[in-house]
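Here's a quick briefing on the protein shown below. Have a look at the fold first, then skim the notes.

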Amino acid sequence: MLDNIRLEYYDSVDSTNDRIKERARAGEGQGLVISAGTQTAGKGRIGRKWESPKHDSIATSMLLTPADISLDAIPTITVVAAMAVRDAIHRLYGLDGKIKWPNDIVLDGKKICGILTEMEMREGSVWYVVVGIGVNVHNKSFDEEIAFKATSVDLELIKAGRDTETGHRNELTKAIWESFKKYYNIFITTQDMSGLKEEYERNLANLGERVRIEAQENSYEAIAKGINVKGELLVEVEGKEQIIRTGEVSVRGIYGYV
Ligand code: BT5
């Protein structure tokens with residue numbers, strides 16, 4: 001079970017995920033959180049970059065050392081973390097984000113949060129896991145390449161005609177990890193989504209709608225049906241159910257493209 005959360009903050013680091021890895025290898029225990037005001041080498045999945053401009057966004061990572069966890073259950077931790085971020089943003093600001101499986105939170109069709117889970121094995125089993133979360137909080141604009149698909153807490157509050165003074169990074173960081181603790185402890189008792197699936201699906205973007213599955217070599221349309229207990233995406237293709245385990249799922253219309 002996750003209980004002892006310890007928060008550390010640095011003005012600038014390369015990547016909060018990499019700082020957690022270093023501490024894990026040095027023997028640090030579960031529950032350490034490293035957050036930073038900015039990252040000089042913030043990472044997305046498969047070598048992509050994550051922008052975390054100084055004092056505008058949250059970059060935060062937690063160390064987990066789940067005992068006897070199966071390798072299969074590791075990707076599910078990303079799915080659990082997405083629920084936590086959605087929940088925290090909703091609790092604090094009343095903003096109703098949706099989860100874009102597996103690792104994004106979107107608001108009004110734009111990405112407000114990305115999650116990167118990494119792990120290291122030792123002697124054939126999982127040694128530690130790092131859950132890294134990036135949230136756009138005070139950003140008022142974005143680099144040209146992502147401007148069409150990125151948003152922030154403040155931009156969404158302004159759209160809703162609300163005061164942006166409520167958007168403090170520190171309180172949101174704490175709320176995210178509090179929510180994560182709640183969902184993770186439900187997940188870890190069964191190592192699956194059986195206790196969380198229903199709430200997850202209520203907040204899943206494009207449930208019952210058309211999505212585009214972009215696999216390595218081909219891309220095709222399907223209907224998003226929900227998730228299974230492993231946290232994998234269930235889709236229907238030409239009347240047949242398929243399980244999506246990896247790869248990028250682009251959701252038609254959600255970013256205003258595809
Ligand atoms: C992600 O990857 O969304 C995972 C992002 C994880 C970031 C956190 S911050 C704390 C921790 N430390 C790290 O070094 N990383 C984690 P992916 O699904 O591959 O999406 C990456 C893509 O999102 C990029 O190629 C851009 O198109 C877009 N992007 C980059 N920065 C963004 C931002 N601030 N807001 C919205 N979209 C962004």
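Is Asn 228 buried or exposed? Asn 228 is buried, because its relative accessible area is just 16%, where buried means under 20%, exposed over 50% and partly exposed in between (1.4 Å probe, protein chains only). Keep in mind that this is a predicted model, where local features need pLDDT of at least 70, side-chain atom pairs count only at pLDDT 80 or more, and totals for chains, interfaces and linings use all residues. Residues are numbered from 1 along each chain as its sequence is written, and side-chain values use heavy atoms, leaving out hydrogens and water.

**Overall build**
- The protein has five helices and 12 strands, which are DSSP runs (H or I, at least four residues, for helices; E, at least two, for strands) numbered from the N terminus.
- Out of 258 residues, 51% are buried.
- The radius of gyration is 18 Å, in agreement with the value near 18 Å for a compact globule of 258 residues; it is taken over C-alpha atoms, and the rule is 2.2 Å times the number of residues to the power 0.38.
- Along the principal axes, the C-alpha atoms fill a box of roughly 50 × 50 × 30 Å.

**Around Asn 228**
- Asn 228 sits in the loop between strand 9 (219-227) and strand 10 (233-237).
- Asp 192 is 36 residues from Asn 228 in sequence, and their C-alpha atoms are 9.1 Å apart in space.

**Around Glu 51**
- The loop between strand 2 (32-39) and strand 3 (57-64) holds Glu 51.
- Glu 51 counts as partly exposed because its relative accessibility is 34%.
- On the surface, Glu 51 gathers with Asp 143, Glu 144 and Glu 145 in a patch of negative charge (residues with over 30% relative accessible area and no salt bridge, like charges joined within 9 Å).

Terms used: Patch = residues over 30% accessible without salt bridge, like charges linked within 9 Å, V, L, I, M, F, W, Y side chains within 5 Å. Areas by Shrake-Rupley, 256 points an atom, 1.4 Å probe, with all protein chains shown as cover. Salt bridge = Lys/Arg side-chain N within 4 Å of Asp/Glu carboxyl O. Lys, Arg positive; Asp, Glu negative; His and termini not counted. Charge placed at Lys NZ, Arg CZ, Asp CG, Glu CD.
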